[in-house]
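User: Please take a close look at one part of this predicted model and then place that part within the whole. I would like a single connected account.

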Amino acid sequence: MAEDELEAAVGQLVGLLMERRVTLATAESLTGGMVGAVLTDVPGVSAVYRGGVVVYATDLKAKLAGVPEDLLAAVGPVHADTAAALATGVRERLEADYGLATTGVAGPDPQAGIEAGTVYVAAAGPGSVQVRKLQLSGDRAAVRRGSVQAVLELGAAVVAEELD
């Protein structure tokens, strides 16, 4: 994944947020703050980025991001429904118009029977929640970087769709 592709994705998302005067919050698991770091590299992003939570531990997904504990018990931390709940929960808790979330297995080893490279990204807005399942290849760094790219692109798509 080229650096310019990542810059293009974050630029598109931040541009849409600024143009439409809406805000964003992030909930990150496997990306460990990388989404927030990429966003905060953009000058002036403080006008639209409320903040984020890194919820690496499963219990923090419930405590900090508002994922229902019964959902985590039923499907686990790496699941489409968990990603949707993370994006929705962080949006509500950080009082943002939109929420982005990442959860998955960066590798190199499988986790709880889920193979490395399995990732879910989600974007939640006032009118919808969209989740994408990814099956990424490469080492841990490549999986994490691909997750960041994908969630930024999904976020831009949801913002554009909802506000057009």
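Analyst: At 23% relative accessibility, R20 counts as partly exposed, because the buried class is reserved for values under 20% and the exposed class for values over 50%. R20 is found in helix α1, and its C-alpha atom is separated by 9.4 Å from that of A160, although the two residues are 140 positions apart along the chain. Helix α1 covers residues 3-20, while α6 covers residues 140-163, and this predicted model therefore sets R20 beside a question about what else these two helices have in common.

The nonpolar interior gives one reply. The largest nonpolar core has 34 residues, and those with the most contacts inside it are L13, L17, L24, L39 and L152. Both α1 and α6 are among the elements that give two or more residues to this core, together with α2 (34-39), β3 (98-104) and β4 (118-124). Of these, α6 gives the most, with ten residues. A second, separate core has 22 residues, which include V53, L71, A83 and A101.

One of the residues with the most contacts inside the largest core, L24, can be followed outward through its neighbours. Leaving aside residues up to four places away in sequence, L24 touches L13, L17 and L39, and its further partners are V48, Y49, R50, G51, A96, Y98, G99 and L100.

Strand β1 spans residues 24-28, and the loop between β1 and α2 holds G32. At 38% relative accessibility, G32 counts as partly exposed. G32 touches V54 and R144, again not counting residues up to four places away in sequence. Its C-alpha atom is also 6.9 Å from that of Y56, a residue 24 positions away along the chain.

Helix α5 offers another local view. It runs over residues 80-93, a total of 14 residues, and reaches 20 Å from its first C-alpha to its last, close to the 20 Å expected at 1.5 Å a residue. The buried residues of α5 are T82, A83, A84, A85, L86, A87, G89, V90 and R91, and A83 is also included in the second core. After α5 comes E95, whose phi is positive, near 50 degrees.

These parts belong to a protein with six helices and five strands, whose elements follow the order α-β-α-β-α-α-α-β-β-β-α from the N terminus on. The radius of gyration is 14 Å, close to the 15 Å that the globule rule gives for 164 residues, so the protein is as compact as a globular protein of that length. Along the principal axes, its C-alpha trace spans about 45 × 35 × 25 Å. Of the 164 residues, 50% count as buried, and the protein exposes about 7400 Å², of which carbon and sulfur atoms supply 50%. Among contacts with a separation of 6 or more, 65% are accounted for by residues 24 or more positions apart.

An unreviewed UniProt entry carries the annotation "domain: CinA C-terminal" for residues 11-154. In the model, the end C-alpha atoms of that span lie 13 Å apart, and the span is 40% helix and 22% strand.

Terms used. Residues numbered from 1 in each chain as written. Predicted model: local features only at pLDDT ≥ 70, side-chain atom pairs only at ≥ 80, totals over all residues. Heavy atoms only, no water. Helix = DSSP H or I, 4+ residues; strand = E, 2+ residues; numbered from the N terminus. Expected span 1.5 Å × (residues − 1). Buried < 20%, exposed > 50% of the residue type's maximum accessible area, 1.4 Å probe, protein only. UniProt positions renumbered as here; feature names shortened; annotations may be inferred. Rg over C-alpha atoms; globule rule 2.2 N^0.38 Å. Contact = heavy atoms within 4.5 Å. Areas by Shrake-Rupley, 256 points an atom, 1.4 Å probe, with all protein chains shown as cover. Core = buried A, V, L, I, M, F, W, Y, C linked by side-chain atoms within 4.5 Å.
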